Amino acid sequence: MQHEWREGNRVILLPEASRFLPAMFEAVSQAQHYVLVELYLMESGELANQVIDALEAATRRGVKTYLLLDGYGAMGLERSDRERLQAAGVALQLFNPIGFHSLARNLSRDHRKIVVVDGEIAFTGGFGAVDEFLQAWYEIALRIDGPAVADWEVLFRRLWRSRLSRQASGSQTPIPLPPQRSATAHGDGVRGRVMSARGYRYQAIRHSLYARVSSAQQRLWLCTPYFVPTFALRRRLIRAARRGVDVRLLLPGAKHDHPGVRYAGQRFYQGLLKAGVRIFEFQPTFIHAKFVLADEWVSLGSCNFDHWNLHWNLEANQEIEDSAFACEVQTLFERNFAASQEVDAAAWAARPWGQRAKEWVYGVVDGLVMRLK
Ligand SMILES: O=P(O)(O)OC[C@H](O)CO
């Protein structure tokens with residue numbers, strides 16, 4: 001069953017590439033049966049080489065390896081790298097390559113980030129195989145070991161067999177997958193559920209987030225790199241702040257890969273600040289992580305919680321409900337708030353016209369983009 005809460009999962013929070021990349025490569029190097037990797041972004045470079053090397057090494061040991069890449073997000077993966085993967089025996093498929101289809105179909109992207117090893121361990125987060133994740137961007141990931149892994153694997157398997165997935169050669173026949181293995185439940189594990197979404201047609205992540213924002217009693221802390229919230233999310237954040245919930249947003253500062261998106265989101269700052277929402281702009285580097293803490297509930301994964309992700313993309317997040325894990329996420333947020341600059345409501349209200357003009361221009365662009373169908 002989809003979106004079921006599963007007991008008995010061990011979860012490890014892995015902030016920053018220096019922790020999650022070694023953990024992932026270690027898991028792949030220990031694989032004995034199969035490795036499934038699904039990514040939105042993969043571009044030729046140092047990290048892509050490391051991923052290819054790891055999959056190649058696993059394949060040489062007799063492990064079956066499967067790589068599902070988004071057909072748009074992987075456009076920067078050079079042909080030589082694709083050939084290297086295939087020559088090594090890695091099964092490579094692309095989801096929905098750009099083509100002469102409807103605009104809606106071309107806009108629908110697989111934005112999920114999933115690694116599954118032997119049906120026993122899964123990783124998710126905001127990562128991709130592009131060099132920015134090596135050091136330049138701040139990212140986090142989660143390692144999951146327990147019954148929730150089966151749900152991650154089901155997501156991968158369904159998309160692998162989807163009519164929109166293609167072999168790298170163009171063939172529509174999916175490369176066969178090995179039988180699914182199952183993970184052990186741990187007595188000391190936590191409760192978790194895998195949530196997925198498929199654009200406007202299927203919106204479980206959105207509904208789950210909205211319900212948590214509306215019912216939060218003490219805190220609602222949200223981190224996203226692309227803060228262009230829907231009207232419904234803004235309204236809920238504002239209402240939560242007005243009823244006394246500690247609502248805080250952790251957003252990128254001036255270091256941003258798409259500054260226009262930042263300006264488009266900043267047009268909402270004033271209304272949020274007025275309602276008592278606290279906004280922190282992360283200073284050290286571009287923060288690309290996506291995670292939310294609502295009381296003792298955490299959601300972490302691919303979803304940026306912006307209206308583009310919620311409208312078009314395939315997304316998947318891991319939800320965890322556990323007080324000790326919530327404490328860990330709280331500490332992570334606090335560390336990042338301390339490395340941020342809090343936006344002062346009075347100073348923001350007096351911001352220069354140049355800044356307001358950028359918010360307006362990118363706001364118009366955002367409005368137009370959202371009308372695409
Ligand atoms: O879509 P994301 O959140 O994986 O981020 C990818 C970046 O936008 C690429 O510029």
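1. Where does the ligand lie with respect to domain 1 (6–188) and domain 2 (205–369)? The ligand lies between them, because both domains give residues to the shell around it; the domain bounds come from an automatic or database domain assignment.

2. This is a predicted model, in which local features need pLDDT of at least 70 and side-chain atom pairs count only at pLDDT 80 or more, whereas totals for chains, interfaces and linings use all residues. Residues are numbered from 1 along each chain as its sequence is written, and side-chain values use heavy atoms, with hydrogens and water left out.

3. The chain has a mean pLDDT (the predictor's confidence in each residue, from 0 to 100) of 95, and 99% of its residues reach 70 or more. For the complex, the predictor gives an ipTM of 0.92 and a pTM of 0.96.

4. Around the ligand, with a heavy atom within 4 Å of it, are Y40, L41, H111, K113, Y226, D257, H258, H288, K290 and N304. This shell divides into 3 nonpolar, 4 polar and 3 charged residues, where Tyr and Leu count as nonpolar, Asp and Lys as charged, and His and Asn fall among the others, as polar.

5. Polar contacts here are pairs of N or O atoms within 3.5 Å. An N or O atom in the side chain of D257 is 2.6 Å from an oxygen atom of the ligand, while polar side-chain atoms of H258 and N304 lie 2.9 Å and 3.1 Å, respectively, from an oxygen atom of the ligand. Of the 300 Å² of accessible area that the ligand has on its own, the protein covers 83% (Shrake-Rupley method, 1.4 Å probe).

How values were computed:
A polar contact is a pair of N or O atoms within 3.5 Å; within protein, one must be able to donate a hydrogen and the other to accept it, and residues adjacent in sequence count only if both atoms are side-chain atoms.
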